[in-house]
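Dear colleague,

Please find below the structure that I am handing over to you. A short account of what was found in it follows.

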Amino acid sequence: VPPPGRNPGHGLFFDVWSRFYEWTPFLRRALFRLQDEAVATLDPQRGQRVLDLGCGPARGTKELLERGARPVAADYSAGMIAKAAEQTGSRAPIVRLDAMRLPFRAHVFDAILCTNSFHHYPEPRTCVAEMWRVLRPGGRLVLVDPSGESAVSRLMVHVGEGFLFGLEGVHVHTDVEWVAMLREAGFREISATRGRGISPVRRAEVFVSAIA
Ligand SMILES: C[S@@+](CC[C@H](N)C(=O)[O-])C[C@H]1O[C@@H](n2cnc3c(N)ncnc32)[C@H](O)[C@@H]1O
């Protein structure tokens, strides 16, 4: 279990939410589609080791398994970890961790999937450095998260999650900030673009892809 600190993974919030996470109407209609899109973008090859970071109830991990990859599901919240175990049976390792301190050796993953979790990590740069460390050279990061380019996202994250739900340390980043942060950590072939199309949820998110 990771050591407690400022913002310990917003554990209690997600422990409670884990009980009905998959039945939250907004999620079913919107966020799950983004997760599906991220998995499709990642397009894992058979046997690839993929870290599903901030996996929640491991819906993404299940999809990765179905595509023949070898995912590791990882989350801070004990409640989410329990749901993830229920969902995946013993088909994938499940690790309780803090995204700022990944308990893996260097270069062990072919890819990292991170969907709608990153804005909760209190030290974004530390996490990005950890992501780079655990990816093999040439490994790929695919991440979707609320975009700092979107007023709706800034409101939802800072006022909704930060102020109303009292979640400390939440943050969003502009596309330019994303590119700078990833480049600083050693990533290349970086793209960070706000979603396009008619879906308001898509337009409120940033789609990130980068190579370690
Ligand atoms: C909104 S859920 C997203 C779950 C899933 N990836 C999805 O797309 O539906 C965010 C998840 O991030 C996890 N999380 C938040 N802070 C974390 C941290 N510091 N380390 C690891 N996981 C964290 C939460 O426990 C929660 O399960």
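Arginine 96 is placed over the face of tyrosine 76, and its distance from the ring centre is 4.9 Å. Please bear in mind throughout that this is a predicted model. A second arginine is placed over a ring as well: the charged end of arginine 202 sits over phenylalanine 207, at 4.7 Å from the centre of that ring.

Rings also pair with one another in this structure, which holds three aromatic pairs. In one of them, phenylalanine 118 and tyrosine 121 have ring centres 5.5 Å apart; the planes meet at 65°, so this pair is edge-to-face, given that angles over 60 degrees count as such. Both phenylalanine 118 and tyrosine 121 are buried. Phenylalanine 118 also forms an aromatic pair with tryptophan 178, and this one is tilted, with 4.8 Å from centre to centre and 45° between the planes.

Which parts of the chain does the pair of phenylalanine 118 and tryptophan 178 tie together? Phenylalanine 118 belongs to the loop between β4 (109-115) and α5 (124-134), while tryptophan 178 belongs to helix α7 (residues 175-185); the pair therefore joins parts that are 60 residues apart in sequence. As for accessibility, phenylalanine 118 has a relative accessible area of 0% and is buried. Tryptophan 178 has a relative accessibility of 1% and counts as buried too, because the cut-off for buried is under 20%. Taken together, Phe118, Tyr121 and Trp178 are linked by ring pairs into a cluster.

I turn now to the strands. Is strand β1 (residues 49-53) mostly covered or mostly open, and how many of its five residues are buried? The strand is mostly covered, with four of the five residues buried. Strand β1 pairs with strand β2 (residues 70-75) in the parallel sense, over five bridges. Within this pairing, leucine 53 has alanine 74 of β2 as its bridge partner. Between the two strands, the chain passes from β1 through helix α3 (residues 59-66) to β2, and this β-α-β crossover is right-handed.

Strand β1 pairs with β4 as well, again in the parallel sense, here over three bridges. In this pairing, leucine 51 stands opposite isoleucine 112 of β4. Strand β4 has already appeared above, as one end of the loop in which phenylalanine 118 lies.

With kind regards

Note on methods:
Residues numbered from 1 in each chain as written. Predicted model: local features only at pLDDT ≥ 70, side-chain atom pairs only at ≥ 80, totals over all residues. Heavy atoms only, no water. Phe/Tyr/Trp six-rings, centres within 6.5 Å; stacked < 30°, edge-to-face > 60°. Buried < 20%, exposed > 50% of the residue type's maximum accessible area, 1.4 Å probe, protein only. Lys NZ or Arg CZ within 6 Å of the ring centre and 35° of its normal. Pairing = 2+ DSSP bridges. Right-handed = clockwise from strand over helix to strand, strands pointing away.
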